[in-house]
Amino acid sequence: MRFLLTYPLLKQIITLPKVCFSSVLRHSSVVVDRKPVKRKNKSKRKLHANSDSLSWEERLADTVTPLWRLSYEEQLKWKQEQQHNILLEMKKQLAEYSSQDFSNDLGFPLLPIVPSPVTDGYRNKSTFSVNKGMDGNSKTVGFFIGNGKMGNIVCVHGDHLLNMPPKHKMVARHYEDFLRLSPLSPCLLFHDGGHWREITVRTNSAGHTMAIVYFHPQQLTPEEISIHKAELVEYFSEGPGAVCQLDSLYFQESSMTRSSHEQSPYHLLHGQPHIYEEVLGFKFRISADSFFQVNRAAAEALYQTVAELNRACVGGTLLDVCCGTGAIGILLSLQMERVIGIELIEQAVEDARYNAKLNRVDKCEFLTGKAEVVLPNLMAALSSHGGLTAVVNPSRAGLHYRVVRALRNHPAIKRLVYISCKPDGEAMRNFKELCCGTDYQRKILGEAFRPTVAVPVDLFPHTPHCELVLVFER
């Protein structure tokens, strides 16, 4: 029996009897707790050929989509084994830091990986870099191969990449054409001058397209920059780039590698300020810098998995930590009496509040700030009436230990759902902090959690990555 969810609207899921998922856990036939098969070297031979004999395109595919040579069934099998190995390492580390018994293999079920409904062209966001191409032209738009320190960087077009949709490739090619027509040089290294930088392309399932062009002002005056902005707009609205049919064209000028909207505002040069996406019957607004899962169809599978895992905690309050634009909180609001989301990026919180109103959800409250600052104060004032459930979906950097401490020390939180895109990274530290014994020095005093079930969800076909949904209970 596979843990494969169908894709009706979330409202239909929640009206089902509350025995479905618990019955799955009671049947040992669905547990994938086997010992890992030692085929590491074999996997490497299958994933990569001899790089000396490969074309630039093949080298790029091996870098960006390392599993592209495998069938999708083989990819899922490979990822399932990788997640099993990661959880075995987690169990090993928990055994060192916890008094709990982790003697029987994992000690909890790892369910079969939930596949992505779409395997090719699934990305709704892509960022293309600018650098020297195979022909030496520094105005080449694509993806890097090589090492900056070694001075062997080559920028290769991504037209052949399996995870890239045609619209993204089209916009990147036309941006390259525009750069080669522009009198301004590209900005390869900040200290070497130059202006034109990368471009980000965002699309939705309806085919709407947003492009964000990044630009280093160097010593140009605002008046000079405005001339090049106008040329960019003309190219994409009336010139050869009009074939891209951009719904939104943004421009961000910054002297930093990465800048938020607050640090360097995104300027709308043409079209609409937002595009919208529909997920499980709910509509979400997407801004230039807001986070949204890159694979919409697989994101539906992810959110349905979280909703199913949350069945036992229907009612009460949901804490949605690192909530982004509010997708999880809004989708789970049908199960809960109240939802409180916390997010660092101010624009994302504005989108989350807008999304709640757009979907007529009045149970959600979204707070701006660092979770490690907002959460401890919130927890002290939060009523535990009806029970508390936490869902955390941090970046690869994981949660700050003060966030874990606040969650761990609140006795009303009996269940925590951790969504990790890199469980073998900093998230492993969080797992130990949630499950370790009392740590008086770090003021981790609450009852320890224990992992009870794990479900991988593949959001990134052809790559080694997937999301791991891990439930902790106490």
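Does Ser-248 count as buried or exposed, and at what relative accessibility? At 0% relative accessibility, Ser-248 counts as buried, where buried means under 20% relative accessible area, exposed means over 50%, and partly exposed lies in between (1.4 Å probe, protein chains only). The model is predicted: local features need pLDDT of at least 70 and side-chain atom pairs count only at pLDDT 80 or more, whereas totals for chains, interfaces and linings use all residues. Residues are numbered from 1 along each chain as its sequence is written, and side-chain values use heavy atoms, with hydrogens and water left out.

The chain contains 13 helices and 16 strands; helices (H or I, at least four residues) and strands (E, at least two) are DSSP runs, numbered from the N terminus. Of the 474 residues in the chain, 54% are buried. The area exposed by the chain is about 21100 Å², of which carbon and sulfur atoms supply 52%; accessible areas come from the Shrake-Rupley method with a 1.4 Å probe, and for residues only the protein chains shown count as cover. Contact means heavy atoms within 4.5 Å. Among contacts between residues at least 6 apart in sequence, 68% join residues at least 24 apart.

Ser-248 belongs to strand 6 (residues 248-253). Not counting residues up to four places away in sequence, Ser-248 touches Thr-209, Met-210, Ala-211, Leu-268, His-270, Gln-272, Pro-273, His-274 and Ile-275.

Two helices were examined for burial. In helix 8 (residues 296-309), 13 of the 14 residues are buried, so this helix is largely enclosed by the rest of the structure. The expected span of a helix is 1.5 Å times one less than its number of residues. For helix 8 this gives 20 Å, which agrees with the 20 Å between its end C-alpha atoms. Helix 13 (residues 427-435) is likewise largely enclosed, because eight of its nine residues are buried. The buried residues of helix 13 include Met-428, Phe-431 and Leu-434, and also Lys-432 and Glu-433. Packing against these buried residues are helix 5 (72-97), helix 12 (401-409), strand 14 (413-420), strand 15 (450-457) and strand 16 (467-473).

An unreviewed UniProt entry lists Gln-293, Glu-343 and Asn-393 under "binding site". Of these residues, Gln-293 and Asn-393 are included in the lining of the largest cavity. UniProt positions are given in the numbering used here, feature names are shortened, and annotations may be inferred rather than shown by experiment. On a 1 Å grid over the protein atoms alone, a cavity is a set of points where a 1.4 Å probe fits but cannot get out, and lining residues have an atom within 4 Å of a point.

Gln-293 is located in the loop between strand 9 (282-286) and helix 8, and its relative accessibility of 4% makes it buried. Beyond four places in sequence, the residues that Gln-293 touches include Asn-124, Tyr-303, Asn-393 and Glu-467. Asn-393 occupies the loop between strand 13 (388-392) and helix 12 and is buried, with a relative accessible area of 16%. With the same sequence neighbours left out, Asn-393 touches Gln-293, Val-321, Cys-322, Ile-328 and Ile-419.

His-462 lies in the loop between strand 15 and strand 16 and counts as buried at 6% relative accessibility. The side chain of His-462 reaches the backbone oxygen of Thr-119 at 2.9 Å. Residues in contact with His-462, apart from neighbours within four places in sequence, include Trp-68, Thr-119, Asp-120 and Leu-162.

Definitions and conventions: 1 Å grid on protein atoms, 1.4 Å probe; cavity = no way out; pocket = protein on both sides within 12 Å on 5 of 7 lines; lining within 4 Å. Polar contact = N/O pair within 3.5 Å; in protein donor to acceptor, adjacent residues only side chain to side chain.
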